[in-house]
Amino acid sequence: MENVLVFDDPEQLAHAAAAKFVECAKDAEDRFCVSLAGGNTPRRVYELLATEPFCSQIHWAKVHLFFGDERAVPPDHPDSNYAMVAEALISKVAIHAANVHRIPAELGANVSARAYEEHLKKFFAGQSWPRFDLVLLGMGEDGHTASLFPGSDALAEASRWVVATRNVQTGADRITLTLPVFNEAKHVMFLVVGEKKAQRLKETLRPTPEADGLPVQAIKPTHGTLEWLVDAAAASLLTQS
Ligand code: 6PG
């Protein structure tokens with residue numbers, strides 16, 4: 001059973017997630033490598049990390065920010081995960097530009113996936129898989145995470161670190177880290193809020209034969225921790241038998 005922490009509301013969850021980020025950063029040796037989640041839920045966490053009491057507890061010179069996935073749009077596009085993180089966090093803290101490892105999504109999904117994979121292989125030189133100190137992830141209502149969507153070929157990827165994929169619901173091209181990369185992490189933290197996620201969260205944490213095989217269920221760190229930070233609304237069906 002994963003470690004599931006239930007918070008009264010999204011704001012309390014965001015404060016707890018920011019505190020865990022600080023804790024992981026303090027534990028890291030020379031470099032603190034984080035894979036960030038996109039979407040809406042983590043935005044408040046990123047905003048908090050740029051403010052006190054969190055900001056000054058983080059030695060930003062050793063922090064390296066990566067992206068778990070990206071939409072195949074330019075970095076100033078409203079759908080860009082980078083744009084969201086830049087506005088909420090990067091533009092407000094003393095992090096070196098070279099420590100922000102943006103997915104060059106403006107190159108198109110296939111080219112940027114290859115380029116990002118090469119970048120990661122240089123950064124994590126000598127490692128068979130990149131080991132992030134912390135991976136933040138969200139969960140879609142369909143049980144996707146990062147840009148690993150139900151039924152996607154990307155779920156079976158066993159050698160590539162980064163692949164091009166597509167949000168089958170919207171047809172939007174995406175770039176995503178792969179399951180072996182996420183499962184290599186030291187700490188994985190899911191952030192899930194809202195009543196709309198309640199049914200899927202229940203299926204994820206209480207799997208049944210017919211509701212198995214969701215992308216989120218494939219996140220199983222091989223030698224790391226997995227935590228679910230959820231609010232009461234998302235957890236509302238967990239307490240039922
Ligand atoms: C993205 C994210 C995606 C997100 C979920 C949940 O690029 O959108 O990587 O996996 O985490 O869709 O999104 P919300 O936090 O907006 O509900």
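**Exercise 1. Charges over rings**

Find the ring whose face lies under Arg102, and give the distance from the ring centre.

Solution. Step one: in this predicted model, Arg102 lies over the face of Tyr82, at 5.7 Å from the ring centre. Step two: turn to Arg31, which is placed over the face of Phe123, 3.9 Å from the centre of that ring. A charge counts as sitting over a ring only within 6 Å of the ring centre.

**Exercise 2. An aromatic pair**

Classify the ring pair of Phe66 and Phe132, and state which parts of the chain this pair ties together.

Solution. Step one: the structure contains nine aromatic pairs. Step two: for Phe66 and Phe132, the centre-to-centre distance is 5.2 Å and the planes make an angle of 70°. Planes over 60 degrees apart count as edge-to-face, and the pair of Phe66 and Phe132 is edge-to-face. Step three: Phe66 belongs to strand 3 (residues 63–67), while Phe132 is in the loop between helix 4 (109–123) and strand 5 (134–137), so the pair ties together parts that are 66 residues apart in sequence.

**Exercise 3. A second partner for Phe132**

Classify the pair of Phe124 and Phe132, and decide whether Phe124 is buried or exposed.

Solution. Step one: the ring centres of Phe124 and Phe132 are 5.3 Å apart with their planes at 75°, so this pair is edge-to-face. Step two: Phe124 has 2% relative accessibility and therefore counts as buried. Phe132, at 0%, counts as buried too. Step three: ring pairs join Phe66, Phe123, Phe124 and Phe132 into a cluster.

**Exercise 4. The nonpolar core**

Name the residues with the most contacts inside the largest nonpolar core, and the helix that gives the most to this core.

Solution. Step one: the largest nonpolar core has 82 residues, and those with the most contacts inside it are Tyr46, Leu49, Phe132 and Trp228. Step two: helix 1 (residues 10–27) gives the most to this core, with nine residues. Step three: take Leu49 and set aside residues up to four places away in sequence; its contacts include Ala18, Phe21, Trp60 and Val93.

**Exercise 5. The surroundings of Thr222**

Decide whether Thr222 is buried or exposed, and list its contacts beyond four places in sequence.

Solution. Step one: Thr222 is found in the loop between helix 6 (198–205) and strand 9 (225–231). Step two: its relative accessibility is 59%, so Thr222 counts as exposed. Step three: apart from neighbours within four places in sequence, Thr222 contacts Asn183 and Glu184. Step four: the side chains of Thr222 and His223 are joined by a polar contact of 3.0 Å.

Methods:
Residues numbered from 1 in each chain as written. Predicted model: local features only at pLDDT ≥ 70, side-chain atom pairs only at ≥ 80, totals over all residues. Heavy atoms only, no water. Phe/Tyr/Trp six-rings, centres within 6.5 Å; stacked < 30°, edge-to-face > 60°. Helix = DSSP H or I, 4+ residues; strand = E, 2+ residues; numbered from the N terminus. Buried < 20%, exposed > 50% of the residue type's maximum accessible area, 1.4 Å probe, protein only. Lys NZ or Arg CZ within 6 Å of the ring centre and 35° of its normal. Core = buried A, V, L, I, M, F, W, Y, C linked by side-chain atoms within 4.5 Å. Contact = heavy atoms within 4.5 Å. Polar contact = N/O pair within 3.5 Å; in protein donor to acceptor, adjacent residues only side chain to side chain.
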